[in-house]
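Welcome, and thanks for taking a look at this one. Here is a short briefing to read alongside the model, grouped by topic so you can dip in where you like.

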Amino acid sequence: MKARNFFVGAVLTGAVLYCATAFTEFPVLSEARDLWIETAMTTGDHQWLARIFPQSVIDKVMSRQIRQVDGIAGLGAAASDQQLNRSFFIVPKEWQDAIMEDVKRDAEAAREQEQKEKIYNYWWKSDPLKQKAAAQSGVDVTGRKVLVNDEEQGVMISLVRTTMFTGRVVQICDPSRVCIVSTDQKGAQGKLICDYLSDHNAILGINASGFKDPNGNGMGGQIIGMTRSSGQDWGDLMYSSTTIGFDSENRLLAGVINNWDAYNLRDAMQFGPVLIKDGNILTEGSAGWGLQPRTIVAQREDGAVLFLVVDGRKPGYSIGATMGDCAEILKEYGAFTAAACDGGSSSVLAYNGEIINKPSTPMATGRYLPNAFIVKKR
């Protein structure tokens, strides 16, 4: 009798909790339900986990997902006509007069090349990533532990750790060395991230575009959307999807761009959403995207590029981050523009020939990827 009463009580309690979670908007329960649904529905293979709730509830939750923003991020102050020689570097205003005085003294025949070299040297000597201070303190400008401080390559990698997730933020001095590379087996198979680095003389790389992935067995050969690498396009442009790419002036642009040539995009891909525009956070909280491993690309107003790779799906180590979490972290590093690349089991970060994060895929090499953002060596 006691066993039966316990069983009946447990069933009734479960039924009451289910109804309260599925059909009411009690703050704690509804927030947990919504995050559960968002997380499940933004995976490729585990959407069934959300099906314990009625379809009407799932539709309501997922209708909040932010995919697009008005206008193009990256065309604000960084695009000012007062910026000097933006085709090579975005240079802080206080350096412009000194640089121009030097440039005027250069021989006219070599003026353009010498101007670029001078700007580069001014930038490098200014230590924009504060790498010299980090070498002494062991922490970056936000106080986070520095894992890699590569002054020769102008790259710094820091540890990001919260109670929910662990990730790594990369700061890159030179935006002209950041580009997209694609697999040479298009339509058949992608490449591993470390192969992208070795094939293109790169110091660092992250994943970029999404790809068709039936039952989690995709080989990265069938890209979703379009990508551009060294002027070569691959895939089909998705006219309602967010484009993320660098233009000929090394500015990171993000938004719905249906004519890449009009914006002089040199390297680009499609995913999203946009997290930060003109220095303002657009995506707060989960924004319909749940908790997942993340890969984000961003740029400061002075031109320095930021990558953020968050691990996930590993209870006890890192569950995953919301889009809002990522936006807040990048804002701490001065991000002017930021947008999301593909995430989940594809999220990967490689430095100096080795994967340095913990991807959620069981493959020690990471997944086969259709393309990647890389940082070429000096």
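A good place to begin is strand E13 (residues 294–300), where 7 of the 7 residues are buried, so the strand is largely enclosed by the rest of the structure. Please keep in mind that this is a predicted model. The protein has 8 helices and 18 strands, and 53% of its 378 residues count as buried.

**Strand E13 and its partners**

- Cover is found on both faces of E13: one side carries the buried residues Arg-294, Ile-296, Ala-298 and Arg-300, and the other side carries Thr-295, Val-297 and Gln-299, which are buried too.
- E13 pairs with strand E14 (residues 305–310) in the antiparallel sense, over 6 bridges.
- Within that pairing, Ile-296 has Leu-308 of E14 as its bridge partner.
- The hairpin of E13 and E14 has 4 residues between the strands, and Gly-303 in this hairpin takes a positive phi near 110°.
- E13 also pairs with E15, again in the antiparallel sense and over 5 bridges.
- Here Ala-298 has Ala-338 of E15 as its bridge partner.

**The sheet of 8 strands**

- These strands belong to an open sheet of 8 strands with antiparallel pairing, in the order E1-E2-E3-E14-E13-E15-E11-E12.
- Its edge strands, each pairing on one side only, are strand E1 (146–150) and strand E12 (280–281).
- Strand E15 (residues 335–340) pairs with strand E11 (residues 274–277) as well, antiparallel and over 2 bridges.
- In this pairing Val-274 stands opposite Ala-339 of E15.

**The sheet of 5 strands**

- Another open sheet holds 5 strands in the order E4-E18-E5-E16-E17, and its pairing is antiparallel.
- Strand E4 (178–182) and strand E17 (354–355) are the edge strands, each of them pairing on one side only.
- Strand E5 (residues 202–207) runs antiparallel to strand E16 (residues 349–351), and 3 bridges join the two.
- Ile-206 stands opposite Leu-349 in E16.

**Asn-207, a residue to inspect**

- Is Asn-207 of strand E5 buried or exposed? Its relative accessibility is 1%, under the 20% cut-off, so Asn-207 counts as buried.
- The side chain of Asn-207 makes a polar contact of 2.7 Å with the side chain of Thr-295.
- A polar atom of the Asn-207 side chain also lies 3.1 Å from the backbone nitrogen of Val-348.
- Beyond its neighbours within four places in sequence, Asn-207 is in contact with several residues, among them Ile-193, Cys-341, Asp-342, Leu-369, Asn-371 and Phe-373.
- Thr-295, the side-chain partner of Asn-207, is one of the buried residues of E13.

**Helix H8 and the E6–E7 hairpin**

- Helix H8 (residues 323–332) has buried residues at Met-323, Gly-324, Cys-326, Ala-327, Ile-329 and Leu-330.
- Gly-334, just after H8, takes a positive phi of about 85°.
- Strand E6 (residues 226–229) and strand E7 (residues 232–235) run antiparallel and are joined by 4 bridges.
- Gly-235 in E7 is the bridge partner of Met-226.
- With 2 residues between its strands, the hairpin of E6 and E7 includes Ser-230, which takes a positive phi near 55°.

**Cysteines**

- How many disulfides does the structure hold? The structure holds 0 disulfides.
- Cys-179 is buried, at a relative accessible area of 9%.
- Cys-326 has a relative accessibility of 0% and so counts as buried.

**Contacts, surface and confidence**

- Taking contacts between residues at least 6 apart in sequence, 66% join residues at least 24 apart.
- The protein has an accessible surface of about 17200 Å², and carbon and sulfur atoms account for 52% of that surface.
- The average pLDDT is 84, and 70% of the residues score at least 70.
- Residues 5–9 stay under a pLDDT of 50, and the model gives this stretch 0 contacts beyond four places in sequence.
- Residues 77–89 also have a pLDDT below 50, but this stretch has 45 contacts in the model beyond near neighbours in sequence.

Definitions and conventions
Residues are numbered from 1 along each chain as its sequence is written. This is a predicted model: local features need pLDDT of at least 70, side-chain atom pairs count only at pLDDT 80 or more; totals for chains, interfaces and linings use all residues. Side-chain values use heavy atoms; hydrogens and water are left out. A disulfide is a pair of cysteine sulfur atoms within 2.5 Å. Buried means under 20% relative accessible area, exposed over 50%, partly exposed in between (1.4 Å probe, protein chains only). Two strands pair if DSSP finds at least two bridges between them. Contact means heavy atoms within 4.5 Å. Accessible areas come from the Shrake-Rupley method with a 1.4 Å probe; for residues, only the protein chains shown count as cover. pLDDT is the predictor's confidence in each residue, from 0 to 100. A polar contact is a pair of N or O atoms within 3.5 Å; within protein, one must be able to donate a hydrogen and the other to accept it, and residues adjacent in sequence count only if both atoms are side-chain atoms.
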